[in-house]
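Work through the following exercises with the sequence and the structure at hand. Each task is followed by a solution in steps.

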Amino acid sequence: MPETRHFDLSDQPFRDGRIAIIDIGSNSIRMVVYDQQKRSPVPIYNEKVMCALGKGLAATGVLNPEGIELAKQAVKRFLALGRNMEIASLYVMATAAVRDAKDGETFARYLESMYDINVDIITGKKEARLGAYGVCASMYKPQGITGDLGGGSIELVKVDDGQITDTASLLLGSLRMIDESKGDRDKLRKLIEKRFAELKWLDDRGAPNFYAIGGSFRALARMHMASSDYPLRILHEYKVDAKNFLAFVRDVAVMPDSKLEKFPGSSAKRTSALPGAAIVLEHIIEHARPHHIVFSASGIREGYLYEKLSPYIRNQDGLLASCTEFAVKGGRSTAYAHELYTWMYPLMEKESEKERRLRLSFCLLSDIALHIHPEYRAQWAFERVLFSALTGLTHRERVKIALALYHRHQFKLREEWPALSLLKDGDRAWAKLVGSAANLAYHLTGSIPGNLHNTSFILEKDELSLQLNGTMQDLLGDAVKRRMDGVREAYAGFKGK
């Protein structure tokens, strides 16, 4: 039976109160408010104001005057909103535009004196590290290269299961590329090649993944999703084959603005930045040779909070931390989830660590729909996880757990949702088995801890039976027999995959 020490679910020391980050970037200023400072903070408010502080910076060396005025008003509004939301902690950071502009320091000091705040001007090296930490905070054991394309620069980092080695910050932000190329695509391509020529460690890496961070990269992801009729509109952890995606970005790189504006999924605000972002990705795919491109909705802001966590909290699994919180806030027992997880083990003897992690996540979430009308529990549980803000899940894993939660309440699938196309037959069989087993456990215990250990699965010559010890035998009835028949059927299907 597997030990679960590496799945640390002990209570997390939260910092009480809401936390806000104001991110003063080259293209926009954004405030995000999170519920608490913890392993997987939940954004409860997110607003962006397009100020274009870095517009014209490459030519003038100073911040955009119009952008400065917009930025002052945006910061004023965000601080007022923060007061209304009663935030407990505020962090204000500024990146490439303020860092590189001659008047950037003066602007930051003005904000500090005017609004009684501290503005942290992030260095290029630190910005690279924080972007990578944003990926580490929201994805499970990332391996490859992170790339955060902002308005003034792109930060690149090699990451291996949370460990950061090589870092670089190149002057290739979306606004800067527009300013320096003046719309000339040939000039833009030469500019990108020149800046990347300074970076030797990127070439011929054959990295498992390239993690694409930033609004312009996400805009490309939306377009690709729309063009391929992808069934799940969740950008975070949208994963594509790099070789196939190369053809897409090459098309975007030469596509006229008029066509880009009308392309499904495109944004008019991002049109001018798309060719540069596409050529940057094209260069990375050709030189770093990643196997996949993985898009991240988490970046410098999430990395900023992640870096402030203690090493103990930082090393926790973000998905399991979130699922634990789901259970606790719903009034459910994590002790029962552990019992359920251990009780199922005879059905899953050959599962990998990743599969055990998903099964434990499922066990923690198994009762989230009990307050829903019985007729709608299965569908509600499926959609609750499918559309949740949970991180640390690939899209396939997200759908897999969602389907297991459906089968926790409903044995037969009543609807073939488009998202199910992301699953393999083995995934479906796994979901039906763990869901059916959890349903059986519920009818044995009512999800109350301390009783499940008096029952056990017995497997003899591929025949599965249920053993009930002592007074647990009194539970044997039609409800238990029918659900045990369902587990046997699901087990046979699972073993056959």
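**Exercise 1.** Determine which residues ring pairs link into a cluster with Phe 245, and characterise the pairs that Phe 245 forms.

*Solution.* The cluster joined by ring pairs consists of Tyr 230, Tyr 238, Phe 245, Phe 248, Phe 263 and Phe 295. Rings of Phe, Tyr and Trp (its six-membered ring) are paired if their centres lie within 6.5 Å; planes under 30 degrees apart are stacked, over 60 edge-to-face, and the rest tilted. The model is predicted: local features need pLDDT of at least 70 and side-chain atom pairs pLDDT 80 or more, while totals for chains, interfaces and linings use all residues. Residues are numbered from 1 along each chain as its sequence is written, and side-chain values use heavy atoms, without hydrogens and water.

Step 1. By this rule there are 11 aromatic pairs. For Phe 245 and Phe 248 the ring centres are 5.3 Å apart and the planes stand at 40°, so this pair is tilted. Both residues belong to helix α9, 3 residues apart, or about one turn of the helix. Helices (H or I, at least four residues) and strands (E, at least two) are DSSP runs, numbered from the N terminus.

Step 2. Burial means under 20% relative accessible area, exposure over 50%, and partial exposure lies in between (1.4 Å probe, protein chains only). Phe 245 is buried at 0%, and Phe 248 counts as buried at 10%.

Step 3. Phe 245 also pairs edge-to-face with Phe 295, at 5.7 Å centre to centre and 70° between the planes. Since Phe 245 lies in helix α9 and Phe 295 in strand β11, the pair ties together parts 50 residues apart in sequence. Phe 295 is buried as well.

**Exercise 2.** Establish the strand order of the open sheet of 6 strands, and locate helix α9 relative to β10 and β11.

*Solution.* Step 1. The order is β8-β7-β6-β9-β11-β10, with mixed pairing; two strands pair if DSSP finds at least two bridges between them. The edge strands are β8 (163-170) and β10 (238-241); each has a single partner strand, so one side of each lacks a neighbour in the sheet.

Step 2. β10 pairs with β11 (residues 292-296) in the antiparallel sense over 4 bridges. Within this pairing, Lys 239 is opposite Val 294 in β11.

Step 3. Helix α9 (residues 242-254) packs on the sheet, touching β10 and β11, and its direction makes about 90° with that of β10. Contact requires heavy atoms within 4.5 Å; axes are lines fitted to C-alpha atoms, for helices over the stretch in contact, with angles from 0 to 180 degrees between N-to-C directions.
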